[in-house]
Amino acid sequence: RDARSPETGRPPLYLEAQALTADAAMSSKMAKMMDRAGKTSIFDHGKAYYVAQTAPAEFKHICVAVEKATNSDVCGPKEKHVQTLLEVVRRGASIADVTFLVKYLNRQIVDCARWQTMLKTHVLLHRLLHNSGDEFKDQLKRMQKWVEEDRASDSRIKCMFSIRNWRDDSSVDANELSQWTRSYASYLEECVVNLDKIPRLEQLAAGSGQQSSQPTEMRGIDETALMEKLPRIQNLMRRLLECEAVNSNLTTNDAVIAGVSLLLKDSFKLYRLVNDGIIRLIDVFFTMTKLHAVKALDAYKRATQQGDDLERLFRSCNSWPSFRDTKFPHIENPPNSFMQTMEEYARTAPVEEGGGSVAAANVPVQQRAPVPGPPAPARQMPLEDLMGGFTAPAPAVQTSPPALHQPQQVSPLSNFASAGNAVMAANSLVDAFAAPAQHSSPSPAAVPQQHRPAMDPAPAAQPPPQQQQPPAAGPPSSDMFGMEKPAMAMDLNALYDAPQVQASNPFGGARGGGGDGTPPPP
């Protein structure tokens, strides 16, 4: 039957609405089918075409590359679009292009609702961060400071480096992937915060080549810079460890695998920085003041725990189908006995100037003597990586104040960097830190009788003799005022047997008795 209206020649409005709904449903099904086949959906093609027509002419290539690199395909950003954007952020690039790219990435995050686009945008940002010039890094640092100021007033803000309250509730898997994306974004924010405060990761070599075996700048920095940079590197390592994928929904996702590949490269570089920082920390630990010693001990404990977590991350990634053929390094932490020695030194370390210790606080660090201790049996010390099999013992605990005139001895832990003459002659760490044995204080049994304290409860101007004997008749002795007085002996038994003389009571009666003068009862 013909449903057209005889007046207008068109179908009724309710039929048009049903037709539009059916068309949208069919288009959605077709898009899902194309996504399963690994092809770009027609909506992503349409969005890229729309952006190409409406974007400014001078920034058209930037907009199209960002849209195509962060489409809804479940895979990593395509390399040809990434290379287009790397050319934009190269060293010496145009400030206008870099500023427009940062603003466009920020708008992409603000308008994003699906987890695919959000995750791929952060993967793209990670690639650009480690392969860009200083112009792009400066713009990111400026953006991060603005976001931090705005987030202080409104924690629900959604923009670059601030997606803590964002999530995709379209499905259970999307919600889980949103959580992993938030952890990934926190790691990237920490990277931007510490760009100028720690060594640049892009300048370090990752792998097992000749460049990766060379020590980093953490081996040669001073104590103050070490205590400032090492905690920041450990915080960045903690953010990286929070991005561990734990189930098959994450381990089989191509977009997550693209992000984890970049994280693993960073983990190798961060491990080298932490490792060299801990070696330098142990080298200067036994000359630190109490404040720095406590902080260094906390950093050493964190490095030990993070070494175990990083080893677990490597084992987990080695079970993925994508990383099954990858050879990850084996991490072995130092023994607990060395940590106990560090804890004992931290308790007895000298305080800073103005603290409780006067003699040790005023002595310069270069003139402090090494920690003395009894010699221990010599053991062979493997000169290996600190996190890869370090089993050397630590110096003994200081039991007495060190002599200020002794020269500073060579630290045995310099074996990790270059073997010194004194350390090469030693067989273990304890031999290198060995010092002349300190004489212990004499025991009470060895103290002569005349130097022991008096046990007589009665006060006396001079210490009592060794044995109490009744004084013999002889010349009179003098008192404290120079007046002579006869020597007399006191018989305690006769004193107790003598009758008690009752004194008068000002309130009436004898002392100790009642008010009527009656003596007290026996």
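F314 is buried in this predicted model, with a relative accessible area of 3%, and its ring forms a tilted aromatic pair with F268, at 5.6 Å centre to centre and 50° between the planes. F268 lies in helix 11 (residues 254-285) and F314 in helix 12 (residues 290-318), so the pair ties together parts that are 46 residues apart in sequence. Helix 12 also holds R312, which forms a salt bridge with E244 in the loop between helix 9 (223-241) and helix 10 (248-251), so that this pair ties together parts that are 68 residues apart in sequence.

**Aromatic pairs**

- The count of aromatic pairs comes to eleven, and a pair of this kind is described by the distance of the centres and the angle of the planes.
- In the pair of F268 and F314, the F268 side counts as partly exposed at 22% relative accessibility, whereas F314 is buried at 3%.
- F285 and F286 form an edge-to-face pair, with 5.2 Å from centre to centre and 90° between the planes, and both of these residues are buried.
- F59, F100 and Y104 form one aromatic cluster.

**Salt bridges**

- The count of salt bridges comes to 22; in general, side chains of opposite charge can pair when their charged atoms come close.
- In the salt bridge between E244 and R312, the closest N and O atoms are 3.3 Å apart; E244 is buried, with a relative accessible area of 18%, while R312 counts as partly exposed at 37%.
- E242 forms a salt bridge with R238, the closest N and O atoms again lying 3.3 Å apart, and here E242 is partly exposed at 38% relative accessibility, as is R238 at 34%.
- D169 forms a salt bridge with R167, with 3.3 Å between the closest N and O atoms, and D169 is exposed, with a relative accessible area of 52%.
- A network of salt bridges links R91, D134, K137, D138, K141, D196, R200 and E202.

**Cavities**

- The structure holds five cavities of 30 Å³ or more, and the largest cavity contains about 90 Å³ of space.
- The lining of the largest cavity is made up of L129, H130, C191, N194, L195, I198, P199, R200, L201, E202 and L236, which by class gives seven nonpolar, two polar and two charged residues.
- R200 and E202 belong to this lining, and both also take part in the network of salt bridges, where the linked residues include D134 and D196.

Terms used
Residues are numbered from 1 along each chain as its sequence is written. This is a predicted model: local features need pLDDT of at least 70, side-chain atom pairs count only at pLDDT 80 or more; totals for chains, interfaces and linings use all residues. Side-chain values use heavy atoms; hydrogens and water are left out. On a 1 Å grid over the protein atoms alone, a cavity is a set of points where a 1.4 Å probe fits but cannot get out, and a pocket is an open set with protein on both sides within 12 Å along at least five of seven lines; lining residues have an atom within 4 Å of a point. Grid points are joined across faces, edges and corners, and a volume is the space filled by probe spheres set on the points. Ala, Val, Leu, Ile, Met, Phe, Trp, Tyr, Cys and Pro count as nonpolar, Asp, Glu, Lys and Arg as charged, and the others, Gly among them, as polar. Rings of Phe, Tyr and Trp (its six-membered ring) pair if their centres lie within 6.5 Å; planes under 30 degrees apart count as stacked, over 60 as edge-to-face and the rest as tilted. Helices (H or I, at least four residues) and strands (E, at least two) are DSSP runs, numbered from the N terminus. Buried means under 20% relative accessible area, exposed over 50%, partly exposed in between (1.4 Å probe, protein chains only). A salt bridge is a side-chain nitrogen of Lys or Arg within 4 Å of a carboxyl oxygen of Asp or Glu.
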